[in-house]
Structures are given as structure tokens and as C-alpha cells.
Amino acid sequence: MHALVIDDSRSMRMILARILRGAGFEITEAGHGQEALDHLTGGLRPDLCLIDWNMPVMNGYEFVTEVRKVREWRDITLMMVTTESEHSRIVAALAAGAHEYVIKPFTADAILDKLELLGLTHDGAIA
């Protein structure tokens with residue numbers, strides 16, 4: 001499986017990538033939503049995108065909205081991983097097409113539990 005990790009923080013991308021690699025994912029990273037869209041328009045087809053909300057150029061909510069406009073990308077699982085904890089933000093992201101929402105700070109187990117809930121774990125994977 002392949003995951004696209006979208007966050008303007010290099011250290012956060014590294015943390016998420018380490019968790020996902022341990023679960024058997026190949027990783028592509030993007031520093032903002034537009035860079036992630038460029039990967040998708042270039043042909044990348046990840047199974048999962050982990051998306052921060054607050055990023056320069058294009059934020060995570062805008063990214064989710066743009067992805068859901070394209071039929072070929074509708075099978076991509078979208079998970080927000082963000083510091084935005086207001087109920088209205090969570091509702092907006094889910095209504096726009098995100099499948100799950102994780103609030104920072106998080107544990108590796110919280111990410112892995114969400115992956116399992118979404119059916120995106122490999123048997124025998126170690127985080």
C-alpha cells in the first residue's frame with residue numbers, strides 16, 4: 001500500500017512516515033496541499049492520504065475538497081491529522097469527504113487503530 005503524507009512540518013512528516021512504514025506502507029511526502037495535488041495529477045495513486053489542516057499554499061480542507069471533485073480519486077482514503085480540534089472543523093472535514101480525523105498530539109497506536117478501522121493494515125505489520 002502507498003500513503004501520501006501531507007504536512008508543512010518536516011518532523012511531523014517523518015513521524016507519520018515512520019509509523020506508516022512500520023505498518024507496511026510506501027511513503028510519498030508533500031509540504032502542502034498543492035504539492036500533494038501535483039503528485040496526484042502526476043499519476044500517484046495512494047491508498048491513503050494523511051493531511052494536516054494548517055499549511056501554506058493550500059490547506060488540508062481545500063485539498064480534501066479538491067480531491068473529492070475528481071472521480072478517479074474518490075477511492076483514496078483521506079485522514080485529517082491536525083491540531084484543529086473544534087467540532088465545527090471536524091464536521092466540515094468529514095462533510096467534505098475525509099474518512100477519519102486525528103487530533104495532534106497523537107500516539108502511534110491512535111494512527112494504527114484508525115488504519116485498522118479503515119481496513120488499511122497488513123497482517124503481521126509492526127509499527
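Visitor: Is Ser-9 buried, partly exposed or exposed?

Guide: This is a predicted model, and the answer is computed from its atoms. Ser-9 has a relative accessible area of 25%, so it is partly exposed. The cut-offs matter here, because buried means under 20% and exposed means over 50%.

Visitor: Where does Ser-9 sit in the chain?

Guide: Ser-9 belongs to the loop between strand 1 (2-6) and helix 1.

Visitor: How far apart are the C-alpha atoms of Ser-9 and Glu-26?

Guide: They are separated by 19 Å, with the two positions 17 residues apart along the chain. Glu-26 itself is part of strand 2 (residues 26-30).

Visitor: What is the C-alpha separation of Glu-26 and His-2?

Guide: The separation is 4.7 Å, although these two residues are 24 residues apart along the chain. The contacts point to that end of the chain as well. With neighbours within four places in sequence left aside, Glu-26 touches Met-1, His-2 and Ala-3.

Visitor: Is Glu-26 buried or exposed?

Guide: Glu-26 has a relative accessibility of 54% and therefore counts as exposed. Glu-100, in strand 5, makes a useful second case. Its relative accessibility is 13%, so Glu-100 counts as buried.

Visitor: Which residues is Glu-100 in contact with?

Guide: Neighbours within four places in sequence are again left aside. The contacts of Glu-100 are then Leu-78, Met-79, Met-80, Leu-94, Lys-114, Leu-117 and Leu-118. A distance can be added: the C-alpha atoms of Glu-100 and Thr-77 lie 8.6 Å apart, and the two residues are 23 residues apart along the chain.

Visitor: Which residue does the UniProt annotation "modified residue: 4-aspartylphosphate" cover?

Guide: An annotation is read from a record, and may be inferred rather than shown by experiment. The unreviewed UniProt entry places this one on Asp-52. In the model, Asp-52 is in the loop between strand 3 (48-51) and helix 3.

Visitor: Is Asp-52 buried or exposed?

Guide: Asp-52 is buried, because its relative accessible area is 5%. Outside its neighbours within four places in sequence, Asp-52 is in contact with Ile-6, Asp-7, Asp-8, Gly-60, Met-80, Val-81, Thr-82 and Lys-104.

Visitor: Which residues does the annotation "domain: Response regulatory" cover?

Guide: That annotation, also from an unreviewed UniProt entry, covers residues 2-119. In the model this span is 43% helix and 20% strand, and its end C-alpha atoms lie 14 Å apart.

Visitor: What should be looked for in the backbone?

Guide: Most residues other than glycine have a negative phi, and most peptide bonds are trans. Exceptions are therefore worth listing. Val-57 is not a glycine, yet has a positive phi of about 70°. The residue lies in the loop between strand 3 and helix 3, and with a relative accessible area of 65% Val-57 is exposed.

Visitor: Which residues are joined by a cis peptide bond?

Guide: Lys-104 and Pro-105 are, with omega at about -5°. Pro-105 is found in the loop between strand 5 (100-103) and helix 5. Lys-104 has already appeared among the contacts of Asp-52.

Visitor: How is a helix pair read, and at what angle do helix 3 and helix 4 cross?

Guide: Start with the axes, then take the angle, the hand and the residues in contact. The axes of helix 3 (residues 60-68) and helix 4 (residues 87-96) cross at roughly 20° and come within 9 Å. These helices are therefore roughly parallel to each other, since angles under 35 degrees count as roughly parallel. The crossing of helix 3 with helix 4 is left-handed.

Visitor: Which residues meet between helix 3 and helix 4?

Guide: Helix 3 brings Tyr-61, Val-64, Thr-65 and Arg-68, and helix 4 brings Ala-92, Ala-93 and Ala-96. By class, this contact has five nonpolar residues, one polar and one charged.

Visitor: At what angle do the axes of helix 1 and helix 5 cross?

Guide: The axes of helix 1 (residues 10-22) and helix 5 (residues 108-117) cross at roughly 55° and come within 10 Å. Helix 1 and helix 5 are therefore oblique to each other, and their crossing is right-handed. Leu-16, Ile-19 and Leu-20 of helix 1 make the contact with Ala-108, Ile-111, Leu-112 and Leu-115 of helix 5. By class, the contact has seven nonpolar residues, no polar and no charged ones.

Notes
Residues numbered from 1 in each chain as written. Predicted model: local features only at pLDDT ≥ 70, side-chain atom pairs only at ≥ 80, totals over all residues. Heavy atoms only, no water. Axes fitted to C-alpha atoms, helices over the stretch in contact; angles between N-to-C directions. Helix = DSSP H or I, 4+ residues; strand = E, 2+ residues; numbered from the N terminus. Parallel < 35°, antiparallel > 145°, perpendicular 65-115°, else oblique. Left-handed = near helix turned anticlockwise from the far one by under 90°. Contact = heavy atoms within 4.5 Å. Nonpolar A, V, L, I, M, F, W, Y, C, P; charged D, E, K, R; others polar. Buried < 20%, exposed > 50% of the residue type's maximum accessible area, 1.4 Å probe, protein only.
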